[in-house]
Amino acid sequence: MRLFFREHRPLVLLQCLYHFIVNSLLLLAGFRDIGVLLYLNLLLVVFFAGYLVYQYVTRKAMYHQLTRDITSLDDALEPTGYTPLATAVSETLKKQYRLYQEELSHLEHQQAEHVLFMDRWVHQMKTPLSVLELMTEDVDEPEAASMKEELERLRHGLSMVLYTARLRSMAEDIHVSATELLPLIHAVNKEHRRYYIRHHVYPKVITDDEKVVVMTDEKWLVFILTQLLLNAVKYSSGKSDVIHIQVTSTINGVTLTIKDFGVGIPIATKNGFLINSLPVKTDDVLENQQVWGFT
């Protein structure tokens with residue numbers, strides 16, 4: 001209703017000006033029959049009001065469509081009436097919807113091709129990487145130590161590229177199944193043992209149940225664990241020689257917490273907000289503790 005009045009406000013003002021001009025001309029011409037003049041104005045007002053009512057009734061659906069909140073794209077395709085203007089608006093909305101669908105389909109196709117390319121490229125790169133790792137097995141320590149570290153970093157970088165490329169299509173890439181949590185954690189720790197040794201930081205697994213089973217996507221959980229653990233080790237190096245991986249079973253589910261005792265995030269203020277890590281008192285030493293947990 002408000003949109004209708006805003007649209008016809010100039011027409012109402014023009015009609016008022018029209019009444020003023022007609023009445024002024026009639027009075028200047030010497031017409032003095034006030035009753036007839038009032039009747040004439042009443043007829044003009046009635047006709048104009050009837051015209052406005054007709055305009056609103058025939059375009060009510062269109063005004064409602066233009067002013068209501070749209071919660072889905074299909075809402076834009078509802079009919080807006082059968083007047084020429086309402087039909088034109090409805091056709092325009094349908095054309096925009098089709099154009100949007102075509103553009104979205106094109107972008108999804110490009111994204112799928114990009115993910116497929118990255119997936120194939122990463123797997124192709126893993127073949128020579130595996131060959132290089134086999135070649136380093138024949139090289140005596142410590143000469144091979146640096147080579148193995150760089151190869152490990154390269155393998156981790158390839159995994160990062162692959163997972164990053166899949167982020168936009170994560171919903172289609174998730175396959176949830178029952179997974180034993182402790183063996184998965186031990187596998188991640190074993191894979192990155194050289195990284196732990198190099199930084200002199202070692203994980204400690206704390207749990208009250210060795211047979212914890214969770215419903216998750218194993219591939220993505222390994223990715224998340226790897227990122228958290230590598231960051232925890234990185235910021236603990238030189239400050240602490242241990243990080244805690246705690247698995248706790250509760251009534252509501254399973255909580256996995258990764259806790260490091262590194263440098264933490266220093267106290268700082270930005271735009272009036274206080275940014276701080278969690279200060280924790282441990283063995284009478286105040287340390288900045290970073291805690292990452294999810295259930």
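Okay, let's start with the largest nonpolar core, which has 23 residues. Keep in mind as we go that this is a predicted model. Which residues have the most contacts inside that core? They are Leu181, Ile185, Val212, Leu225, Leu229 and Val247. If you want to find the core by element, look at helix H6, at 181–191, then H7, H8, strand S4 at 242–250 and strand S5 at 253–260, since each of those gives two or more residues to it. And which element gives the most? That's H8, with seven residues.

As a bit of background, nonpolar side chains in soluble globular proteins tend to be buried together.

Let's zoom in on one of those core residues, leucine 225. Leaving out residues up to four places away in sequence, leucine 225 touches Leu184, Ile185, Leu256 and Ile258. There's also a second core, separate from the big one, with nine residues, including Met62, Tyr63, Ala86 and Leu93.

Now hop over to isoleucine 243, which sits in strand S4. Buried or exposed? Isoleucine 243 has 0% relative accessibility, so it counts as buried. Its list of neighbours, again not counting residues up to four places away in sequence, runs to Val201, Tyr202, Pro203, Lys204, Leu229, Ala232, Val233, Ser236, Lys259 and Asp260. You'll recognise Leu229 there, one of the residues with the most contacts inside the largest core. Take Lys204 from that list too: isoleucine 243 and lysine 204 are 39 residues apart in sequence, yet their C-alpha atoms are 6.1 Å apart in space.

Staying with helix H8, there's an aromatic story. How many aromatic pairs are there? The count comes to one. Tryptophan 220 and phenylalanine 223 make that pair, and the arrangement is edge-to-face, with 5.8 Å centre to centre and 90° between the planes. Planes over 60 degrees apart count as edge-to-face, so a 90° angle gets that label. Both residues lie in H8, three residues apart, which is about one turn of the helix. Tryptophan 220 and phenylalanine 223 are both buried, too.

Next, the pocket. The largest pocket has a volume of about 450 Å³. How many residues line it? There are 21, and Arg155, His156, Ser159, Glu191 and His192 lie nearest the centre. Helix H3 (84–136), helix H4 (143–166), helix H7 (193–199) and helix H8 (218–236) are the elements that give two or more residues to that lining. H4 has the largest share, at nine residues. So H7 and H8 turn up again: they contribute to the pocket lining and also to the largest nonpolar core. As for chemistry, the lining divides into six nonpolar, six polar and nine charged residues.

A few single residues are worth a stop. Glycine 262 is in the loop between S5 and strand S6 (268–270). With a relative accessible area of 7%, glycine 262 is buried. Glycine 262 and lysine 234 are 28 residues apart in sequence and 8.6 Å apart in space, C-alpha to C-alpha.

Then there's histidine 200, in the loop between H7 and strand S2 (202–207). What's unusual about its backbone? Histidine 200 has a positive phi, about 55°, although it is not a glycine. Histidine 200 has a relative accessible area of 54%, so it's exposed.

Over in helix H1, residues 2–28, we have asparagine 23. Why does asparagine 23 count as buried? Because its relative accessibility is 16%, and the cut-off for buried is under 20%. Its contacts, not counting residues up to four places away in sequence, are Leu37 and Asn41.

Compare threonine 58, which is in helix H2, residues 34–67. Threonine 58 has a relative accessible area of 21%, so it lands in the partly exposed group. The C-alpha atoms of threonine 58 and tyrosine 82 are 7.6 Å apart in space, with their positions 24 residues apart in sequence.

Let me finish with the whole chain. It has eight helices and nine strands. Of its 295 residues, buried ones make up 29%. And if you take contacts between residues at least 6 apart in sequence, 68% of them join residues at least 24 apart.

Conventions. Residues numbered from 1 in each chain as written. Predicted model: local features only at pLDDT ≥ 70, side-chain atom pairs only at ≥ 80, totals over all residues. Heavy atoms only, no water. 1 Å grid on protein atoms, 1.4 Å probe; cavity = no way out; pocket = protein on both sides within 12 Å on 5 of 7 lines; lining within 4 Å. Points joined across faces, edges and corners; volume = space filled by probe spheres on them. Helix = DSSP H or I, 4+ residues; strand = E, 2+ residues; numbered from the N terminus. Nonpolar A, V, L, I, M, F, W, Y, C, P; charged D, E, K, R; others polar. Core = buried A, V, L, I, M, F, W, Y, C linked by side-chain atoms within 4.5 Å. Buried < 20%, exposed > 50% of the residue type's maximum accessible area, 1.4 Å probe, protein only. Contact = heavy atoms within 4.5 Å. Phe/Tyr/Trp six-rings, centres within 6.5 Å; stacked < 30°, edge-to-face > 60°.
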